[in-house]
Amino acid sequence: MIESKYAWQLVAPDDQLVKTLENDYQLPNLVAKYVVNQGLKTPEEIQAFLQPGMEALYDPAELAGMDAAIARLMQAIESGESIVVYGDYDVDGMTSTAIMFWALEIMGAQVDYFVPSRFEQGYGPNLAKYQELAANGMQLLVTVDNGVTGADEIAWLKSQGIDTIVTDHHELPEQLPDAVAVVHPRLPREAPSYPFGDLSGAGVAFKVASALLEAPADEVIDLAALGTVADIMPLVDENRIIVAQGLMAMREDARPGVAAILSIAGKNPEDLDAMSIGFTIGPRLNAIGRLDNPMLGVQLLLSDEPEEAETLAQQVETLNQERQMLVEDVTNAATQMLTDQATTHAVNVVVGEGWHEGVLGIVASRLVDATGKPSIVLSSDGTQAKGSARSIDGFDLFTPLDQHRELFTAFGGHAGAAGMTLPLDNVGQLQKVLDEAAVAQNLSEKGKADLSILSQMDGSDFNRETFETLQMLGPFGEGNPEPIFEINVSAVQQVKTMSDGKHLRFTAVTDQGNLPVIGFGFGATADQLQGHFQTIKLVGAMSENVYRGMTTYQLMLKDLQAEGSSIMDWRTTKLTRQLLQQNADYIFFNKKNYDQLAGQVGANGRAIFIDDAYNYTQLGTLALVDLPNSLDELGELLNFVPAQAIAPIFYTKTPTYLQKVPDKADFGKVFRFVQSFQNVNLSGQFKQVANHLQMDQSMLNLIFKVFLEANFVTIENGFLNPVTNPSTVDLTETKAYKAFMKRRELEKQLIYSSTAELETLLSDLSNQEK
């Protein structure tokens, strides 16, 4: 079977409300279901959701601290003061910086910007850098996407007569900095003055720019959209408007920097959606901050010259490719470490020497996806370990580590993610603290994460009409997820892997037509899907694919489940070395075969004798090398040793099924020969006897066994002699004859049956009462 990663929840919305929306407002069924699931009920709410226009943006003056911030900025602009915009090295920080710098420059300010290095200044306020900027003549500091935690650093600036304006969206600390203004969507704490508290850093910068211009800063709403999606902010309320309008602006006239990134990535600006930001633009911009100077990112976003933008974008693409290779290398090394660990833990902690710090968060996320466990990935320089942590839903990583700050030289984060530096000697204690936290928080009892399914669909539903209907619900992202559908599948065809086995594509056969399926990260299931299951169900989102002018619609796989073991037909008449090199558990029913062939099983597989198979509670691909003694023996194995897949080989060197069944004439011919000769040397003359009788050697050997059991002959020291006046015996009732016929029937069922017949038999054997 293939177990699903998620707990599927087919959402059942208020049917009456759905019908009302369909009948009274002519909404398509899927749209009505979706908006109801999103908690939207009134016509006004639904219209605002389906038509997110600029007119619905909130007045930026409602943001706490905005009036004071604008007054101080206007004073600095009019006085020609030296202003520095201080950002952050991720996409939200880069776009925030670009927005604020653009707005101040267009207003005539004397302004410059600085984006800190992940490796030199780190995230947020940095006193040494502030002092350097002050020494270079900075008179007003404007922070974007950071600064709210900089009470001490900003106090130093104030002592030097330098004002600060903080614009931020991160968690509010107990002590706010003593700045001229703190512009934050969740201030004041008790009763925020702003209607929407989940703006990104770029969103806050966009609101400041709009206040400065006294009109929505639509020329940079594309940058606000980039920051909002890349920072995984909920795409609801005002964020939905920002992203929808920003995507529209990019599709119609992408700025040179964005157009250059998309061109190098082979993407068309006209096809941009939120996913394009999340998987194409965002990772490339983030690669700058992970590996190089993030000032490059702001320069690219602000570039007005296509040629300059293309040159900068190529640098970014090179960094992104380097980032991809680093992520791959570190992920492979970390995965191998977890595999090699003598003891498994509820929380993964891996340490590698000299791993690049810029990719450790990505690798931690990869390990979470691969193992389903919270993961910490650390890079060691021999004395210190530095890295990132990522958690799963329902497990708070931050609190237990926050209670043991004595372990760290630096630590910060929240329940789902954290960053840390600690002495290498403390890593063992870190693992212990996390193991204890796992017990305290009942991590082992956490169920699968829920996956909400909008509706069940069939292959015929994946068409242009459905796709265009679903586009009414975008942009999709955090807080406004892409609709997920459940598909019942009768079979899968044309299973192929992509990107060195990482990804998967196949055709799903449904009752109402075939459906192309793409599964990123599902490559490991390819072998299993080659076989046959009793039931297969898929869940995923609908996507459009345009190739050579032809448009098709496909399922982007999110999860799958299959009942019963996958059955893959590996039967062969020749047991090759290559066949024994698969990633499988090779079960031997015959001890002699096991002794001869176990050493030839490849490093990715295991050779297991049948008696030892019952020591395993779960096996992967169950490769049945040779024939069992009976169907009962095979059924017992399939029942008591669960496997992900069954791969019957059933090799036998001398097939009984191909032998002729001896009839009365055959028995008579041999009987007459036996009565005619004395002391026949079977060890030396067996072949000549078979030739004399014009009989197959295998059948002759069977007849001699039957005669021996029936007391027709004696065989002593290899010499055959007749028995005088033997008793009459029904030769077909002898054990030897019955064993031959039983073996023949077993081979008929297991070796010489069709694939469909074998699948049915193995499925029946697997489903027997235990």
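Reader: Why is Phe-704 called buried?

Author: This is a predicted model, and in it Phe-704 has a relative accessible area of 3%. Buried means under 20%, so Phe-704 makes the cut.

Reader: And what about Phe-686, buried or exposed?

Author: Phe-686 comes out at 17% relative accessibility. The limit is under 20%, so Phe-686 counts as buried too.

Reader: What makes Phe-686 and Phe-704 an edge-to-face pair?

Author: A pair of aromatic rings is described by the distance of the centres and the angle of the planes. Here the centres of Phe-686 and Phe-704 are 6.1 Å apart, with 65° between the planes. Pairing needs centres within 6.5 Å, and edge-to-face needs an angle over 60 degrees, so both conditions are met. Phe-686 sits in helix H24 and Phe-704 in helix H25, 18 residues apart.

Reader: How many aromatic pairs does the structure hold?

Author: There are 19 of them. One is made by Tyr-657 and Tyr-752, whose ring centres lie 4.8 Å apart.

Reader: Why is the pair of Tyr-657 and Tyr-752 called stacked?

Author: Their planes are at 25°. Planes under 30 degrees apart count as stacked, so that is the right word for this pair.

Reader: What does the pair of Tyr-657 and Tyr-752 tie together?

Author: Tyr-657 is in the loop between strand S24 and helix H23, while Tyr-752 is in the loop between helices H26 and H27, so the pair ties together parts that are 95 residues apart in sequence.

Reader: Why are Tyr-657 and Tyr-752 called partly exposed?

Author: Tyr-657 has a relative accessible area of 25%, and Tyr-752 has 34% relative accessibility. Partly exposed covers what falls between the buried limit of 20% and the exposed limit of 50%, so the term fits Tyr-657 and Tyr-752.

Reader: How do you know that Lys-129 lies over the face of Phe-114?

Author: Lys-129 is 4.0 Å from the ring centre of Phe-114. The distance has to be within 6 Å, and the charge within 35 degrees of the ring normal. The distance passes, and the pair is listed as lying over the face. Lys-591 lies over the face of Phe-609 as well, at 5.9 Å from the ring centre.

Reader: What makes H11 roughly perpendicular to H12?

Author: Helices H11 and H12 pack at an angle of about 105°, with their axes 10 Å apart. Angles from 65 to 115 degrees count as roughly perpendicular, so H11 earns that label against H12. Where they meet, Val-258, Ile-261 and Leu-262 in H11 face Thr-280, Ile-281, Arg-284 and Leu-285 in H12.

Reader: What is the phi of Asp-145, and where does Asp-145 lie?

Author: Asp-145 has a positive phi of about 60°, although it is not a glycine. Most residues other than glycine have a negative phi. Asp-145 lies in the loop between strand S4 and helix H7, and its relative accessible area is 1%. That is under 20%, so Asp-145 is buried.

Reader: Is Asn-717 buried or exposed?

Author: Asn-717 has 77% relative accessibility. Exposed means over 50%, so Asn-717 counts as exposed. Its phi is positive too, near 55°, and Asn-717 lies in the loop between strands S26 and S27.

Notes: Residues numbered from 1 in each chain as written. Predicted model: local features only at pLDDT ≥ 70, side-chain atom pairs only at ≥ 80, totals over all residues. Heavy atoms only, no water. Phe/Tyr/Trp six-rings, centres within 6.5 Å; stacked < 30°, edge-to-face > 60°. Helix = DSSP H or I, 4+ residues; strand = E, 2+ residues; numbered from the N terminus. Buried < 20%, exposed > 50% of the residue type's maximum accessible area, 1.4 Å probe, protein only. Axes fitted to C-alpha atoms, helices over the stretch in contact; angles between N-to-C directions. Parallel < 35°, antiparallel > 145°, perpendicular 65-115°, else oblique. Contact = heavy atoms within 4.5 Å.
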